[in-house]
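Visitor: I would like to learn how the words used for a structure are justified. Could we go through them one at a time?

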Amino acid sequence: MKLHEYQAKSYFSREGIPVPRSRLATTPAEAKQIAAEIGYPVVLKAQVLVGGRGKAGGILLVKDENDLDPAANAILNSKIKGISVQRILVEKAVNFTQEIYLGITVDRALAQPVIILSASGGVEIEELAIRHPNRIIRTAIDPLLGLQPYMVRAMASQIGLDYVLWKPLLQIALSLWNLFNQLDATLVEINPLVITTEKELVALDGKMTIDDNALFRQQDFLELADQAVETPAEQEARKFCLSYVQLSGHIGCLVNGAGLAMATMDCIQQAGGEPANFLDIGGGANADKVQAALRIILSDENVQSVLINIFGGITRCDEVAKGLLSILPENTRNLPIIIRLEGTNAEEGRRMLAQAPNLIVVESLMQAAEMAVHAAESAMV
Ligand code: GDP
Ligand code: MN
C-alpha cells in the first residue's frame with residue numbers, strides 16, 4: 001500500500017525529519033487561506049499516488065496571492081497520469097542549492113534492506129540510474145544489526161557531502177530506518193532531500209510503501225487506504241481480510257487456502273475456462289467471511305458461473321454452508337454455483353445446501369471445474 005506525500009510527511013515530522021510547513025486543501029479557497037497562513041511563496045502539490053508529478057504538471061510554484069487561484073484551479077481540475085486530483089498540499093516554498101536522493105528499500109536479490117544515497121536527486125533520478133548507476137550509492141543493511149552510523153558517514157563521504165551536513169544526514173537516515181522498520185515498509189524515500197540556501201537538509205517530497213502482508217498489524221493504514229486506487233471489490237476484500245485478485249475470465253472462484261485456490265484455477269484452465277478471480281478465504285473462515293466473499297464474486301459483472309472449492313480442516317463446512325445460504329438471495333442473476341465441499345462437517349454442510357436454488361453440490365474438483373466451465377460457456381452463447 002502506497003502512502004500519499006502528505007501522509008509520509010506527517011510520519012517524517014513525527015520522527016524529527018525536517019519538512020516544510022504545509023497543509024492539505026481540497027478547494028482553491030481553502031488553498032488560499034492556508035497559503036496566507038503559511039506565507040508566500042508556496043508550492044501546490046497534487047496528492048496522487050503516482051511518481052513524476054513534477055514532470056506531469058502536478059507541482060506548481062505560486063509567488064503571490066494573485067497567482068494562487070489559477071494555479072489551484074488548474075491542478076484541482078487536472079488529471080495526473082489518468083488520476084483526477086482531489087487534494088493538494090499547500091507547502092511553504094524552499095530555496096535550495098542541491099537536490100539529494102535518500103531512500104531505504106528491500107533488495108530482493110540480496111534479501112536485505114538497502115539504503116540508497118545520491119548527490120543528484122530530483123525528478124531525473126530514474127535517468128541517472130540508467131546513465132550513471134555508479135553515482136547512486138547503495139549499502140546493504142543487516143536487518144538484525146540495523147542501520148549503523150558508520151555506513152551513513154561512509155556514503156556521505158562518497159557523494160562528497162559537505163562535512164557540516166553529515167550529522168543532519170545521519171539523523172535523517174536513522175529516522176528513516178526507524179520508520180522503515182516500525183511501519184513494515186518496503187520503501188521509504190525522500191526525493192528530493194534538499195540542501196537549502198541556509199545549509200540545512202529538508203525533505204521536499206516523501207514516498208512510502210507499506211507491505212500489504214503486514215497490514216494486519218499496521219491498523220492505522222487500513223483507514224488511510226486510498227479509495228481511488230482500489231476497486232470497491234478490493235476494498236471489501238481487504239475489510240474482511242480476504243486475498244482477492246481480479247482476473248479477466250468468467251468463472252468466479254471461492255476457495256479456502258492459497259495453494260488450493262491456485263490448484264482450482266489450474267483445473268478451470270484444464271477444463272478450458274478462465275477464472276474471473278483468485279479468492280482465498282483463508283483457514284478457519286466464519287460465515288461472515290464466506291458471505292462477504294461470495295458477495296464480491298456475485299457483484300462482478302464478468303462472472304457467469306461460480307466454482308466453490310472447500311477442503312475443510314480448521315474451516316468447518318457447515319459454517320461455510322451457513323455463509324453461502326445467507327447470501328444466495330443476492331444471486332439475482334441466477335448464476336449457477338457449483339460447489340465441492342469436503343472435510344470437517346462436510347456431510348452437514350452438503351445437507352444444508354441440498355435444497356438451495358442455483359447451487360449444485362458435486363463430488364470431485366475436476367468434475368466441479370468442468371461443470372462451472374460448461375455453465376459459463378452456455379451463459380455466454
Ligand atoms: P515528484 O515529481 O512527484 O517526485 O514531486 P516532488 O515533490 O519531488 O517535486 C518535483 C520537483 O519540484 C522537485 O524535485 C523540486 O525540484 C521541485 N520542488 C518541489 N517543491 C519545491 C519547493 O518548495 N521549492 C522549489 N524551488 N522547488 C520545489
Ligand atoms: Mn519526488
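Visitor: What makes Asn191 and Asp205 donors of the manganese ion (ligand 2)?

Guide: This is a predicted model, and the distances are computed from it. A donor is an N, O or S atom within 2.8 Å of the metal. The O atom of Asn191 and an OD atom of Asp205 lie 2.1 to 2.2 Å from the manganese ion, so both pass the cut-off.

Visitor: Why can the pair be said to tie parts of the chain together?

Guide: Asn191 belongs to strand 11 (residues 185–196), while Asp205 sits in the loop between strand 12 (201–203) and strand 13 (207–210). The two parts are 14 residues apart in sequence, so the pair links them. Both donor residues are also buried.

Visitor: Why is Glu319 called buried?

Guide: The limit for buried is under 20% relative accessible area. Glu319 has 17%, so it counts as buried. Glu319 lies in helix 11 (residues 317–327). Leaving aside neighbours within four places in sequence, Glu319 is in contact with Ala285, Asn286 and Ala287.

Visitor: How do you know that helix 11 is largely enclosed by the rest of the structure?

Guide: Eight of its 11 residues are buried, so the description fits. Among them are Cys317, Val320, Leu324 and Ile327. The cover over the buried residues of helix 11 includes helix 10 (287–298), strand 17 (305–312), strand 18 (337–343) and helix 12 (346–353).

Visitor: Is Met380 buried, partly exposed or exposed?

Guide: Partly exposed is the class between 20% and 50%. Met380 has a relative accessibility of 41%, so it counts as partly exposed. Met380 is in helix 13 (residues 365–380).

Visitor: Which residues does Met380 contact, leaving aside its neighbours within four places in sequence?

Guide: They are His250 and Gln304. Met380 and His250 are 130 residues apart along the chain, with 9.3 Å between their C-alpha atoms. Contact is judged on heavy atoms within 4.5 Å, so the C-alpha distance does not decide the matter.

Visitor: What makes a set of residues a nonpolar core?

Guide: The members must be buried residues of certain kinds, Leu and Met included, joined through side-chain atoms within 4.5 Å. The largest such core here has 42 residues, and Leu102, Leu161, Leu169, Leu193 and Met208 have the most contacts inside it. Helix 6 gives the most to this core, with nine residues. Leu161, neighbours within four places left aside, is in contact with Ile100, Ala156, Trp166, Leu169 and Ile195. Apart from this core lies another, of 34 residues, including Ala233 and Leu279.

Visitor: How is the chain divided into domains?

Guide: The assignment gives domain 1 (21–92), domain 2 (96–219) and domain 3 (231–380). The centres of domain 1 and domain 2, taken over C-alpha atoms, are separated by 26 Å. Their contact takes five residues from each of the two.

Visitor: How much area do domain 1 and domain 2 bury between them?

Guide: About 370 Å², 39% of it on carbon and sulfur atoms. Of the area that domain 1 buries against domain 2, Lys45, Arg53 and Lys55 supply 65%, more than any other three residues.

Visitor: Why is the pairing of Arg53 with Asp205 called a salt bridge?

Guide: The rule asks for a side-chain nitrogen of Lys or Arg within 4 Å of a carboxyl oxygen of Asp or Glu. In this pair the closest N and O atoms are 3.2 Å apart, so the rule is met. Across the interface of domain 1 and domain 2, two salt bridges are found.

Key:
Residues numbered from 1 in each chain as written. Chains lettered and ligands numbered in written order. Predicted model: local features only at pLDDT ≥ 70, side-chain atom pairs only at ≥ 80, totals over all residues. Heavy atoms only, no water. Donors = N, O, S within 2.8 Å, 3.2 Å for Na, K, Ca; no water. Helix = DSSP H or I, 4+ residues; strand = E, 2+ residues; numbered from the N terminus. Buried < 20%, exposed > 50% of the residue type's maximum accessible area, 1.4 Å probe, protein only. Domains from an automatic or database assignment. Buried area = accessible area lost by both parts, 1.4 Å probe.
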